[in-house]
Amino acid sequence: MIGQENAADGERLVLENAQLTLDNGSVLDTLTLAYRTYGALNADKSNAILICHALTGDHHPSGANPLTGRAGWWDNMVGPSKPIDTDRYFVICQNVIGGCAGSTGPSSPRADGTPYGLDFPVITIGDMVRAQNVLLDRLEIPDLFCVIGGSMGGMQVLQWAAAHGERVFSAIPIATAARHSSQNIAFHEVGRQAILADPDWQGGNYAAENTAPRKGLAVARMAAHITYLSEAALQRKFGRNLQDRDRLSYGFEADFQIESYLRHQGISFVDRFDANSYLYITRAMDYFDLAADYGGTLARAFANTKARFCVVSFTSDWLFPTSESISLVRALNAAGANVSFVEIESDKGHDAFLLDEPEMEQTIIGFLNAAAIARGLPLADGSEARHD
Amino acid sequence: MIDPRASANGNLNEKRIDLMLIASLVEQGTRVLDIGCGNGVLMELLVAERGVDARGLELSQQGVNACVSRGLAVVQGNADTDLSYYPDQGFDTVILSQTLQATQRPKEVLQEMSRIGSKLIVSIPNFGHWRIRLALALRGRMPETQALSATWYETANIHLCSMLDLIDLCDALSLRVETCLTVTNGKVHQSSGRPSARQNLMAELVVFELTR
């Protein structure tokens, strides 16, 4: 049985007999995919852009999330006359499987109505992209004009190009890597252990106990949030400024602004994110190693690729540093791919890709325009593209 | 279609002539790698006039960002270290426009270029030009010309050579000169094979078309 539903916060594709085989060998029968679209698909179905969200993102890159009222996480990038122009392109964004914004994940009900909890299969970036392919099939879109995303979204972009290259005309992996580094796995492990150490986690069955590991998840978020920033940005924003006081308290309250800021980040996160989803999605990122899937040689992942790539990194991003992007670019060059690579000067750390970065916007506008010309799509002013 | 060689007149500055001459040596619709592509002027010219599939490598991030925002396929990288990541014979033509003299290891760069492409186009400011010889001989000073405008302590041009010096290196690498285009006072002279000592004295700028 197939169902297409309008949820309060976008569309739902419900598949009762999806038979989605996962990397770990198990099969998801019932599959719900939460997604949202913007703009209109053209007659040739050649103007679709898939936006892949990051670890804690959702399917609302643009406009407000109708449920929470929160602004879209990429509102500066996606919308009418914005770099990803919804007047020109048909934009799709899907909540990843394993997530908690509507797509099937550990908090989803099983056949007996109880949530999966830790019985949910461990999923991978490859599985997330498989589920996106299912959505594309159901929307009857043969291929994507562009697939774009930052961080974990960038991993999905690379997975798309490697495993489903025939459906990718252009790819923009931003602030990402072809494998999760040891240091990044380490940070994720700290976050997971914080959740597991919270007694309210209840072995993953917290929903049945009507509780949630709020403290553990908040600590996980606090630790992770530090990795999304940079020392320079923290110093610039907070320095050693005190929070609502003139002198040190000689205690363990939030004396410093940075402490207060991090506590706020942690507490507000638990209201919008599921702890088990955090375990599963961080695991999916940890498992990502594209070269390993292709005999240890990254260039082989992109052999014969026809897609054009635009790789973007940021100078102060120490979570996914420029060196990771350079390795990726070298592999793409070795595969003979059409690749552009831009490193953007910014002191905002990994999170720069979500923020107002005019140089990133110019880069993406220019790259998409050139790709649109190559694909024969009309230009921004509606004129016909030249066919060189 | 313009004839770039016909357009190479005194109204255009030297750099522009250099690019026009290079473009005249590039075949229609081929795969081209431009090493040291700067802000992408040559790549844009090649795409517009020759319909090539152009890729660029540029050291300065500023130059790269300018190229990519104009829709050109350019990556940040260093000619001395990053050419090894390109596949054998991945391109029809590999261009090095007034960049050889700024590389750490010009010999290895030329070697890599001949591995990557079947045709090489290399342009250099000719250090054998009489005005440069005169500057050193009469003034006893390092020459500063329009093409070589930086002081000796600030210049990026660490491996300057005359066109005959470059020919010696090409011999050592078994690279054959197919075409030699020289620029003197804004006028272009074309020859094939080895340039003469007189050419080395008169040419301000030279563009070589080389094959293995």
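Domain bounds, as used in this tour, come from an automatic or database domain assignment; the model on your screen is a predicted one.

**Stop one: the two domains of chain A.** Begin by selecting residues 2–183 together with 289–375 of chain A, which the assignment gives as domain 1, and then colour residues 185–281 separately as domain 2. With both domains of chain A marked, you can place their C-alpha centres, which lie 26 Å apart. Where they meet, 28 residues of domain 1 of chain A are in contact with 21 residues of domain 2 of chain A. The side that domain 1 turns to domain 2 in chain A consists, by class, of 11 nonpolar, 14 polar and three charged residues.

**Stop two: where chain A meets chain B.** Bring both chains into view and select the contact between them, to which chain A gives 22 residues and chain B gives 17 residues. On the side of chain A that touches chain B, the elements giving two or more residues are β12 (308–314), α9 (322–334), β13 (338–344) and α10. Of these, α10(A) supplies the largest share, with eight residues. Sorted by class, this side of chain A has nine nonpolar, eight polar and five charged residues.

**Stop three: a helix pair across the two chains.** Now select residues 358–375 of chain A, which form helix α10, and residues 61–69 of chain B, which form helix α4; these helices pack at an angle of about 45°, and their axes are 7 Å apart. The two helices, α10(A) and α4(B), are therefore oblique to each other. To show the contact itself, display Glu359(A), Gln362(A), Thr363(A), Ile365(A), Gly366(A) and Phe367(A) on α10(A), and opposite them Asn65(B), Val68(B) and Ser69(B) on α4(B). By class, this contact has three nonpolar, five polar and one charged residues.

**Stop four: the sheet of chain B.** Turn to chain B and follow its open sheet of eight strands, which runs in the order β3-β2-β1-β4-β5-β8-β6-β7 with mixed pairing. At the edges stand β3 (73–76) and β7 (187–191) of chain B, each with a single partner strand, so one side of each has no neighbour in the sheet. Neighbouring strands of this sheet are turned against each other by 15° on average, direction ignored.

Within the sheet, select β6 (residues 176–184) and β8 (residues 205–211) of chain B, which pair in the antiparallel sense over seven bridges. One place to zoom in is Val177(B), whose bridge partner in β8(B) is Leu210(B).

Finish with helix α3 (residues 41–50) of chain B, which lies across β1 (31–35), β2 (53–58) and β4 (91–97) of chain B and runs at about 175° to β2(B).

Conventions
Residues numbered from 1 in each chain as written. Chains lettered and ligands numbered in written order. Predicted model: local features only at pLDDT ≥ 70, side-chain atom pairs only at ≥ 80, totals over all residues. Axes fitted to C-alpha atoms, helices over the stretch in contact; angles between N-to-C directions. Helix = DSSP H or I, 4+ residues; strand = E, 2+ residues; numbered from the N terminus. Parallel < 35°, antiparallel > 145°, perpendicular 65-115°, else oblique. Contact = placed C-beta atoms within 7 Å. Nonpolar A, V, L, I, M, F, W, Y, C, P; charged D, E, K, R; others polar. Pairing = 2+ DSSP bridges.
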